[in-house]
Structure formats: C-alpha cells, structure tokens
Amino acid sequence: MQISTNHGFAFLCMPKCVSTSIERAISTLCNINFSGRARIKHINAQIFTEKILSAHQALLPSIQIESFCVMREPLEWIESWYRYRSREKFKKEHNRNDTGHISYNDFITEYISKGTRKPFAKIRTQYDFLKLRNGEIGIDLIFPLENMGLVEQFLFEKTNSKIIIPRIN
C-alpha cells in the first residue's frame, strides 16, 4: 500500500493485480510506503480504513485521500493464484500451498468446495479485500486490470505528471 499525502491518493495493493508494477511507477510520488512482506504490502480496505486512514485523518484532517485499487476478472485472478503457487520455488520449499502437483481443475474444485479447503486452495476473494466490516466496499475507485490506461489517467489527474505503469510480472 502506498499513500501520497501531497497528491491525495492511496493505492491499495490487491494481490495478483499488477500491484508491483503500480508500486514501482508511483513510489517516488508517495511519502508513505507499506511494501515488502505480503501482510504489509496487501493491507485490505478494512485495515486501511480503520487503522491507517483514521490515523491520517486525525493527523492531517485537511488533506483528503482518495483510495484506489485494481481488480482482476475473478476467474483470471484465481488462475493467477494457481500459476503463482505452481512455481518451482513452492516445490523446492515443500510449501503446503504448492499447486505444482495438481491440475487446475483439481485446484478449482478444491477452491469452490464447501467446508475447510486444503491449504493450496485457501485464497480469500477480491471482495474480502475490498469490503469493510459492515460489508460495504471500502475503496473509492476500483479499476479493471485490463484497462491500465484508466489508472494512468487517474494518476495524471492527481499528480499532473504522466505515469507509465511498467509490465513487470
């Protein structure tokens, strides 16, 4: 997650949704950066609103922050998790989230199963990332991954600078 108090925006990094690319593109514009470890980088809307935004509003009440994130088509997002967890790194580490030994069909079947999922299929939903405690959406703007031009336009309007989002992964 990154915040620019100078430009009035916060980028919430939804997992598997080009967050590394956007982070790299806006890092010099942001004076608050939560990056590195996944639990820090991927702070969800609930934690952002309850902890970070509330602290920001108490410290800098005159500066409004508009939050945004990128969302992927849900089946593509799940497939991205499958591919990510099938990398050689997971196999070498004997990671219980490794999907390299199962088919995509088996992964999906486990993901949609009722009850307790096997570790490799324990993935929250994008809605879980977006929602507040009361179930409402807690992010101001959600951009579709397939149209990064909209993100670049939003950032241009906020910063008056042309931002190019590189393709990293």
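Arg83 comes out as partly exposed in this predicted model, at 41% relative accessibility. Its side chain meets that of Glu79 in a salt bridge, with N to O at 3.4 Å. Glu79 counts as partly exposed too, at 34% relative accessibility. Both residues belong to helix H4, and because they are four residues apart there, about one helical turn separates them.

That bridge is one of six salt bridges in the structure. Which residues do salt bridges with shared partners join into one network? Start with Asp128, which bridges to Arg124 with the closest N and O atoms 3.7 Å apart. Asp128 also bridges to Lys131, and here the closest N and O atoms are 3.9 Å apart. So the network consists of Arg124, Asp128 and Lys131, joined by the salt bridges that share partners. As for surroundings, Asp128 is buried, with a relative accessible area of 18%, while Arg124 is exposed at 56%. Lys131 counts as partly exposed, at 24% relative accessibility.

Here are the three bridges just described, side by side.

| Salt bridge | N to O distance |
|---|---|
| Glu79 and Arg83 | 3.4 Å |
| Asp128 and Arg124 | 3.7 Å |
| Asp128 and Lys131 | 3.9 Å |

Now for the rings. A pair of aromatic rings is described by how far apart the centres are and by the angle of the planes. The structure holds 11 aromatic pairs. One of them is Trp81 with Tyr84, an edge-to-face pair with 5.9 Å centre to centre and 85 degrees between the planes. Why are these two separated by about one helical turn? Because they sit three residues apart in helix H4, which runs over residues 74–85. Trp81 is buried, with a relative accessible area of 13%, and Tyr84 is partly exposed, with 27%.

Tyr82 pairs with Tyr104, and this pair is also edge-to-face: 5.3 Å centre to centre, with 65 degrees between the planes. Tyr82 lies in H4 and Tyr104 in helix H6 (residues 104–112), so the pair ties together parts that are 22 residues apart in sequence. Tyr82 is buried, having a relative accessible area of 15%. Its partner Tyr104 is partly exposed, with a relative accessible area of 29%.

Phenylalanines get together as well: ring pairs link Phe9, Phe11, Phe68, Phe143 and Phe154 into a cluster.

Charges turn up over rings, too. The charged end of Lys16 sits over the ring of Trp81, 5.9 Å from the ring centre. In the case of Arg117, the charged end sits over the ring of Tyr111, at 4.4 Å from its centre.

Lys16 and Trp81 come up again in the largest pocket, which holds about 1,400 Å³ of space. Which residues of its lining lie nearest the centre? They are Met14, Pro15, Lys16, His42 and Trp81, out of 40 lining residues. The elements that give two or more residues to this lining are helix H1 (19–26), helix H2 (38–41), H4, helix H7 (126–130) and helix H8 (148–159). H4 supplies the largest share, with six residues. Sorted by class, the lining has 17 nonpolar, 10 polar and 13 charged residues.

H4 therefore keeps coming back: it holds the Glu79 and Arg83 bridge, it carries Trp81 and Tyr84, and it gives the largest share of the pocket lining.

Last, a look at Asn97. Where does Asn97 have its place? It is in the loop between helix H5 (88–92) and H6. Is Asn97 buried or exposed? At 19% relative accessibility, Asn97 counts as buried, given that the cut-off for buried is under 20% relative accessible area. Asn97 and Leu29 are 68 residues apart along the chain, and 35 Å separates their C-alpha atoms.

Technical notes
Residues numbered from 1 in each chain as written. Predicted model: local features only at pLDDT ≥ 70, side-chain atom pairs only at ≥ 80, totals over all residues. Heavy atoms only, no water. Phe/Tyr/Trp six-rings, centres within 6.5 Å; stacked < 30°, edge-to-face > 60°. Buried < 20%, exposed > 50% of the residue type's maximum accessible area, 1.4 Å probe, protein only. Lys NZ or Arg CZ within 6 Å of the ring centre and 35° of its normal. 1 Å grid on protein atoms, 1.4 Å probe; cavity = no way out; pocket = protein on both sides within 12 Å on 5 of 7 lines; lining within 4 Å. Points joined across faces, edges and corners; volume = space filled by probe spheres on them. Nonpolar A, V, L, I, M, F, W, Y, C, P; charged D, E, K, R; others polar. Salt bridge = Lys/Arg side-chain N within 4 Å of Asp/Glu carboxyl O.
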